[in-house]
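Please open the structure in your viewer and keep the selection tool at hand. The stops below say what to select and what is to be found there.

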Amino acid sequence: MATLEFCNYVPHKIVINEIGLVRSTPDIALQPIKGLPMIFWRDGSPWIEVNLWAHSRATNAVTDLKTVISNLGHLHKYAQWLEE
């Protein structure tokens, strides 16, 4: 059965130093999001399209996180219906 999970999203950026070493560091210019909703299918794979849409809505500085959580709650019920 599909699951709705909440993660703590910390934005990162890719940094390449002088010798070409690539690493990921937290992006302090962007705010972390506590409780970003994500939907996963029965087999544990993420519903990529919906999760990307939720991330986009949660980071657009217009949509409230409560709205995103509500939207994903409805999509979670839909995902459960699809899997049945």
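## A tour in selections

Begin with the hairpin of strands S2 and S3, which has 5 residues between the strands, and select glycine 20, whose phi is positive and near 90 degrees. Please keep in mind throughout that the model is a predicted one.

Now widen the selection to the two strands themselves, taking residues 12-16 for S2 and residues 22-26 for S3, and follow how they pair in the antiparallel sense over 5 bridges. Within S2, pick isoleucine 16, and then look across to S3, where valine 22 is its bridge partner. Is isoleucine 16 buried or exposed? Its relative accessible area is 59%, and because exposed means over 50%, isoleucine 16 counts as exposed. Add Ile14 to Ile16 and Val22, and you have a nonpolar patch on the surface, in which the three residues together have about 320 Å² of accessible area.

Remain with strand S3 for the next selection, which is serine 24. This residue is partly exposed, with a relative accessible area of 43%, and, if residues up to four places away in sequence are not counted, it touches His12, Lys13 and Ile14. Between the C-alpha atoms of serine 24 and lysine 13 you should find 5.6 Å, although the two residues are 11 apart in sequence.

Move on to the loop between S3 and S4, and select aspartate 27 there. Which residues are in contact with aspartate 27, once its neighbours within four places in sequence are left aside? They are Pro11, His12 and Lys13. The relative accessibility of aspartate 27 is 16%, and since buried means under 20%, this loop residue counts as buried. If you draw a line from its C-alpha atom to that of cysteine 7, which is 20 residues away along the chain, the separation is 17 Å.

Strand S4 is the next stop, and it can be selected as residues 33-40. S4 is mostly covered, with 6 of its 8 residues buried. Strand S1, residues 3-9, runs antiparallel to S4, and 7 bridges join the two. To see one place where S4 faces a residue across from it, select methionine 38, which stands opposite glutamate 5.

From here, select the largest nonpolar core, which has 11 residues: Ala2, Ile33, Leu36, Ile39, Trp47, Val50, Ala54, Ala58, Val68, Leu72 and Ala79. Strand S4, helix H1 (48-58) and helix H2 (65-83) each supply at least two residues of this core. As a general tendency in soluble globular proteins, nonpolar side chains are buried together. Keep alanine 2 selected for a moment and show what surrounds it: leaving out residues up to four places away in sequence, it touches Phe40, Trp41, Arg42, His76, Ala79, Gln80 and Glu83.

For the next selection, go to serine 56, whose place is in helix H1. At 42% relative accessibility, serine 56 counts as partly exposed, and its C-alpha atom is separated by 13 Å from that of asparagine 71, which lies 15 residues away along the chain.

Then follow the chain into the loop between H1 and H2, where alanine 61 is found. What is the sign of its phi? Alanine 61 has a positive phi of about 65 degrees, although it is not a glycine. This residue is exposed, with a relative accessible area of 80%.

Finish in helix H2 with tryptophan 81. Its relative accessibility is 58%, and because the cut-off for exposed is over 50%, tryptophan 81 counts as exposed. As a last selection, add methionine 1, which is 80 residues away from tryptophan 81 along the chain, and note that the C-alpha atoms of the two are separated by 8.9 Å.

Notes
Residues are numbered from 1 along each chain as its sequence is written. This is a predicted model: local features need pLDDT of at least 70, side-chain atom pairs count only at pLDDT 80 or more; totals for chains, interfaces and linings use all residues. Side-chain values use heavy atoms; hydrogens and water are left out. Patches are made of residues with over 30% relative accessible area and no salt bridge: like charges are joined within 9 Å, nonpolar side chains (Val, Leu, Ile, Met, Phe, Trp, Tyr) within 5 Å. Accessible areas come from the Shrake-Rupley method with a 1.4 Å probe; for residues, only the protein chains shown count as cover. A salt bridge is a side-chain nitrogen of Lys or Arg within 4 Å of a carboxyl oxygen of Asp or Glu. Helices (H or I, at least four residues) and strands (E, at least two) are DSSP runs, numbered from the N terminus. Buried means under 20% relative accessible area, exposed over 50%, partly exposed in between (1.4 Å probe, protein chains only). Two strands pair if DSSP finds at least two bridges between them. A nonpolar core is a set of buried Ala, Val, Leu, Ile, Met, Phe, Trp, Tyr and Cys residues joined through side-chain atoms within 4.5 Å. Contact means heavy atoms within 4.5 Å.
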